[in-house]
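Good morning, everyone, and thank you for making time for this. Please have the sequence and the structure open while I talk, and follow along as I go.

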Amino acid sequence: MKKSLLALLGILMIASLALTACGGGTTPAATQPPAATEAPAATEAPAATQAPAATEAPAVTGSVGVVLPTKDEPRWIQDETRFKEAFSKAGYDVEILFSQGDSAKEKANVEALISKGIKVLIICPQDANAAAAAAEEARAAGVKVITYDRLIRDTDAVDYYVTFDSIAVGAAQAQYLGDKATGTGNPLYLYAGAASDNNAFIFFEGAWEVLQPKIADGTFVIKNSSEAVALQDKATLTRDEEAKIIGQVTTDWKFDVAKNLAEANLTAASAADKGNVFILAPNDGTARAIADAFAADKDVSSYVVTGQDAEEASIQYIIDGKQSMTVLKDVRTLVDDAITAAVAYLEGKTPEQTNTYNNGKIDVPAKPSEVVTVDKDNVKEAVIDSGYWPASDFTGLQ
Ligand code: BGC
């Protein structure tokens, strides 16, 4: 059943206004311009739900489709839930398709949405390079392409990048490890995301910038990557150098890969390489898997382990003292930014830009959002009081 395009516009405008009102952008000014452009309607505020139906309708047509990478990680279920909340608040079911870790399925999803007549595609690529073909198909069909959270690489068929500040994610993880370490010779274990995900490189880059001086001054000693040891005197790494390290310590964003790698690293390490250890884990799912492996090793007396995403299971781990920190990337903000950008395109405008990210072919316009470090000390304030997760979902919360 086809929904009225005009109704969708109205809904998107309302969602945009409501979400803009929620704030969360990097600068207060940043979230305002899109609302400001709708100012003429503002004087007749009650008309907001009706306005699109009558007067301004002809300028804007089309709808939005969303493609997310996998249902197998809680992170992307979060995004699905938040997208649904944002759209359904206004009575509209946005179509959200999952690629289940398969680039061929992702392309088929994009083609299905194109054939349904979408005008804007919001896509989080499973594989940064493989998704280029799908983006190019969308572009050829006149669809605006918003690459969501992860950058699509090596194509010019990307219009906008909705993202968090991923350098800041890696830097926050590394900073946390550095803040918890005293003295010298602290064993450091490095883990990274999937090499097919551009973010894995950006997270690692952000972390390396903070960790490298602490490796150079002897605070940390890398225990599980000969490639990282070979590069440890370099303050800044090239992408190829990062790829060498990531190739050795990748979790592929998979819990079982993370667990097996951590176990293999622990088996290879001597008791002297253990003790009080520091672990750069790239996200929450892999952090829990890696933490479980380290917790089970009798020669590990304590560990500090990072994460990201503020997944519920990891919030519980933090409360229980099994994971040290996570980086909250408020998905409500990302969804807000994505809808605001989509509405801008539907209105024939250009979304606001504060940054660009080079994708190997072009500089993609973007407006990255801030991230928040969360540990036991601020978990209640950052995650519960902010309304991100309900207190009732956890036990042992102080
Ligand atoms: C996202 C993370 C996520 C990871 C694994 C990254 O691209 O930014 O939030 O944990 O992919 O899905």
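Let me begin with a question: which residue follows α7, and what is the sign of its phi? Before I answer, please keep in mind that what we are looking at is a predicted model. The residue that follows α7 is G142, and its phi is positive, near 80°.

Now let us turn to helix α7 itself, which covers residues 131-140 and whose buried residues are A131, A132, A134, A135 and A138. If you look down the axis of α7, these buried residues fall within an arc of 160°, so they line one face of the helix. It helps to remember that an α-helix has 3.6 residues a turn, so residues three or four places apart point the same way. As for what covers the buried residues of α7, the list includes α6, β3 and β4.

The next helix I want to show you is α9, residues 198-216, where 19 residues at 1.5 Å a residue should span 27 Å, and the end C-alpha atoms are indeed 27 Å apart, which agrees. Even so, α9 has a kink of about 35° at E209, shortly before the proline P213. Just after α9 comes G218, with a positive phi of about 90°.

At the start of α9, a side-chain oxygen of D197 reaches to within 2.9 Å of the backbone nitrogen of N199. D197 also brings us to the ligand, since a polar side-chain atom of D197 lies 2.6 Å from a ligand oxygen. The ligand is surrounded by 13 residues, and the closest are E73, R75, D149, D197 and D309. For R75, an N or O atom of the side chain is 2.8 Å from an oxygen atom of the ligand.

Technical notes. Residues are numbered from 1 along each chain as its sequence is written. This is a predicted model: local features need pLDDT of at least 70, side-chain atom pairs count only at pLDDT 80 or more; totals for chains, interfaces and linings use all residues. Side-chain values use heavy atoms; hydrogens and water are left out. Buried means under 20% relative accessible area, exposed over 50%, partly exposed in between (1.4 Å probe, protein chains only). Helices (H or I, at least four residues) and strands (E, at least two) are DSSP runs, numbered from the N terminus. The arc is that of the directions from the helix axis to the C-beta atoms. Contact means heavy atoms within 4.5 Å. The expected span of a helix is 1.5 Å times one less than its number of residues. The bend at a residue is the angle between axes fitted to the seven residues ending there and the seven starting there. A polar contact is a pair of N or O atoms within 3.5 Å; within protein, one must be able to donate a hydrogen and the other to accept it, and residues adjacent in sequence count only if both atoms are side-chain atoms. A residue is near a molecule or strand if one of its heavy atoms lies within 4 Å of it.
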